Amino acid sequence: QVRLVESGGGSVQAGGSLRLSCAAFGYTRISRPQCMGWFRQAPGNEREGVAHITTVSGTTYYTDSVKGRFTISLDNAENTLYLQMDSVKSEDTAMYYCAARYGGACGLWLGNTDYKYWGQGTQVTVTS
């Protein structure tokens, strides 16, 4: 059973940086998920995909609002997913979740229902 644990959230000033981590447990190098991603949900909004990464090739996908500012990466040796957030804006304030899935392709079209495994979330608050 895959288990995901996020960390690294907190309060950051607009224009600053923050790095989120997601430690993954319950699988080996051979049985790892094909796709992992970061989602976020602000109060009153639906959960939206932020970035995805194909675990074997390292191919990355970003939603337009974070492209050029956020970087998703994966340390396969440590089974840890990262989201480097630079030049943050107030609209980046949300609860951030990491997710994992097996099977199928990886890309921006993936939504909440396409991922089976989720972490508990970590709060990011951008202050002005």
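Biologist: In this predicted model, over how many bridges do β7 and β8 pair?

Modeller: One of the pairs across these strands is aspartate 75 with threonine 80, its bridge partner in β8. The two strands run in the antiparallel sense, and the number of bridges between β7 and β8 is 6.

Biologist: Which strands stand at the edges of the open sheet that holds β7 and β8?

Modeller: The sheet has 4 strands with antiparallel pairing, in the order β1-β3-β8-β7. A strand with a single partner has one side left without a neighbour in the sheet, so the edges are β1 (3–7) and β7.

Biologist: By what angle are neighbouring strands of that sheet turned against each other on average?

Modeller: The strands concerned are those in the order β1-β3-β8-β7. With direction ignored, the average is 15 degrees.

Biologist: Which strand pairs with β11 in parallel?

Modeller: Strand β9 (residues 94–101) pairs with β11 over 3 bridges, but in the antiparallel sense; there, tyrosine 96 has threonine 122 as its bridge partner. On the parallel side, serine 11 stands opposite threonine 125. That side has 4 bridges, and the strand that provides them is β2 (residues 10–13).

Biologist: Which residues of β11 make up its covered face?

Modeller: Strand β11 spans residues 122–127 and has two faces. Gln123, Thr125 and Thr127 belong to the uncovered one, which leaves the covered face to Thr122, Val124 and Val126.

Biologist: How many residues apart in sequence are the parts tied together by cysteine 22 and cysteine 98?

Modeller: The structure holds 2 disulfides, and one of them joins cysteine 22 to cysteine 98 with an S to S distance of 2.0 Å. Cysteine 22 lies in strand β3 (residues 18–25) and cysteine 98 in strand β9, so the parts tied together are apart by 76 residues.

Biologist: Is the disulfide of cysteine 22 and cysteine 98 right-handed or left-handed?

Modeller: Both cysteines of this pair are buried. The torsion about their S-S bond is about 50 degrees, so the disulfide is right-handed.

Biologist: Where in the chain does cysteine 106, the partner of cysteine 35, lie?

Modeller: The sulfur atoms of cysteine 35 and cysteine 106 are 1.9 Å apart, and the two form a disulfide. The pair links distant parts of the chain, 71 residues apart: cysteine 35 is in strand β4 (residues 35–41), and cysteine 106 is in the loop between β9 and β10 (117–118).

Biologist: Is cysteine 106 buried or exposed?

Modeller: Buried means under 20% relative accessible area. Its partner cysteine 35 has 1% relative accessibility and counts as buried. Cysteine 106 has a relative accessible area of 5%, so cysteine 106 is buried.

Biologist: What is the pairing of the bonded cysteines, numbered in sequence order?

Modeller: The disulfides are cysteine 22 with cysteine 98 and cysteine 35 with cysteine 106. Numbered along the chain, the pairing is 1-3, 2-4.

Biologist: Which residues touch the most other members of the largest nonpolar core?

Modeller: This core has 28 residues, and the elements giving it two or more include β3, β4, β8, β9 and β11. Tyrosine 96, beyond its neighbours within four places in sequence, is in contact with residues including Leu20, Trp38, Val50, Phe70, Leu83 and Val124. The residues that touch the most other members are Leu4, Trp38, Leu83 and Tyr96.

Biologist: How many residues does the second, separate core have?

Modeller: Its members include Cys35, Phe39, Ala99 and Leu110. Cysteine 35 belongs to the disulfide with cysteine 106. The number of residues in this second core is 6.

Note on methods
Residues numbered from 1 in each chain as written. Predicted model: local features only at pLDDT ≥ 70, side-chain atom pairs only at ≥ 80, totals over all residues. Heavy atoms only, no water. Buried < 20%, exposed > 50% of the residue type's maximum accessible area, 1.4 Å probe, protein only. Pairing = 2+ DSSP bridges. Disulfide = S-S within 2.5 Å. Core = buried A, V, L, I, M, F, W, Y, C linked by side-chain atoms within 4.5 Å. Contact = heavy atoms within 4.5 Å. Axes fitted to C-alpha atoms, helices over the stretch in contact; angles between N-to-C directions.
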